[in-house]
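Please look over the model shown here before reading the notes on its strands and one of its helices.

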Amino acid sequence: MRVITFNTQGIEQATDRGFFDWMIRQDADVVCLQNLRAKEYQLDADRYHPKGYHAFFFDAFEDGYSGVAIYTRELPKAIMTGLGFELCDSHGRFIQADFDKVSVASMSIPPGLKSPEDQIRKEEYMELFMGHLKKTLRKRRDFIFAGTFHIAHKPVDLSNWYANQSVSGFLPQERVWMEEVLDEMGFVDAFRRANKAERQYSWWPDYNRAWNLNEGARLDYQITTANLRNNVKAARIYRDEQFSQHAPVIVDYNIG
């Protein structure tokens with residue numbers, strides 16, 4: 001099973017830049033998109049519905065804001081939207097497709113860079129989402145949570161990490177949260193399970209030459225339940241084209 005996650009920063013703009021043309025060449029089984037900035041009714045054109053894929057959306061209440069989607073070749077057994085709390089559900093931040101052997105979610109944690117209030121909301125969201133992750137550990141199935149976490153886990157995941165220790169996305173409490181998810185709770189960072197290389201970033205700031213110099217952060221993840229640890233075959237980040245400030249993260253799993 002090949003799973004791709006990508007923060008579009010506006011699906012219409014990413015489509016204009018050739019994202020779906022690229023996507024249909026990837027032989028992906030499931031594609032998780034975030035930050036669509038458009039609602040499902042605005043995305044009925046053929047270019048948003050490549051042949052061979054079923055598309056499912058979860059809109060934000062506000063126009064032109066957030067929203068997530070899942071594209072899948074196999075028709076899921078069920079689709080779940082939202083997590084039951086306002087910070088997620090009114091902002092369109094979670095959609096999950098259930099298959100026979102695994103559930104795959106497209107999700108996003110809000111950023112906290114713009115203001116202290118945004119950081120407070122981000123950390124509230126992280127606490128609530130942690131509660132959902134704990135619930136999944138009690139279920140008899142495997143999960144892949146794919147999307148933008150807006151956190152760089154370790155220094156290797158962020159350029160110029162030393163100067164960014166007081167910046168949202170690399171704050172001590174955010175990294176502790178990631179450690180709890182990936183260590184104490186046993187979830188697996190699928191990308192790092194298969195790819196140990198340095199300077200593997202999925203987002204670059206919007207300033208001159210950051211993309212070209214590869215000065216960025218790994219903010220986009222595929223987090224799996226522990227049973228899938230040995231099923232991760234390969235992982236990479238696609239940088240040959242730029243569809244948004246984020247790049248697609250591609251992980252191959254040995255899941256029939």
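The points below cover a sheet first and then a helix. The model is predicted. One open sheet has 6 strands with mixed pairing, and helix α5 covers residues 172-184.

**The sheet**

- The strand order is β3-β4-β2-β1-β12-β11.
- At the edges lie β3 (54-58) and β11 (232-237), each of which pairs on one side only.
- Direction ignored, neighbouring strands of this sheet are turned by 15 degrees against each other on average.
- Strands of a sheet pair through backbone hydrogen bonds, either parallel or antiparallel.
- Strands β1 (residues 2-7) and β12 (residues 249-253) run antiparallel and are joined by 4 bridges.
- I4 has I250 in β12 as its bridge partner.

**Helix α5: length and end**

- The 13 residues of α5 should span 18 Å at 1.5 Å a residue, and the distance of 17 Å between its end C-alpha atoms agrees with this.
- G186, just after α5, has a positive phi of about 85 degrees.

**Helix α5: buried and exposed residues**

- E174, W177, M178, V181 and L182 are the buried residues of α5.
- Viewed down the axis of α5, these buried residues fall within an arc of 115 degrees, so they line one face of the helix.
- An α-helix has 3.6 residues a turn, so residues three or four places apart point the same way.
- V176, D183 and E184 are exposed on the other side of α5.
- The packing partners of the buried residues of α5 are α4 (116-136), β9 (188-189) and β10 (220-224).

Technical notes: Residues are numbered from 1 along each chain as its sequence is written. This is a predicted model: local features need pLDDT of at least 70, side-chain atom pairs count only at pLDDT 80 or more; totals for chains, interfaces and linings use all residues. Side-chain values use heavy atoms; hydrogens and water are left out. Two strands pair if DSSP finds at least two bridges between them. Helices (H or I, at least four residues) and strands (E, at least two) are DSSP runs, numbered from the N terminus. Axes are lines fitted to C-alpha atoms, for helices over the stretch in contact, and angles run from 0 to 180 degrees between N-to-C directions. The expected span of a helix is 1.5 Å times one less than its number of residues. Buried means under 20% relative accessible area, exposed over 50%, partly exposed in between (1.4 Å probe, protein chains only). The arc is that of the directions from the helix axis to the C-beta atoms. Contact means heavy atoms within 4.5 Å.
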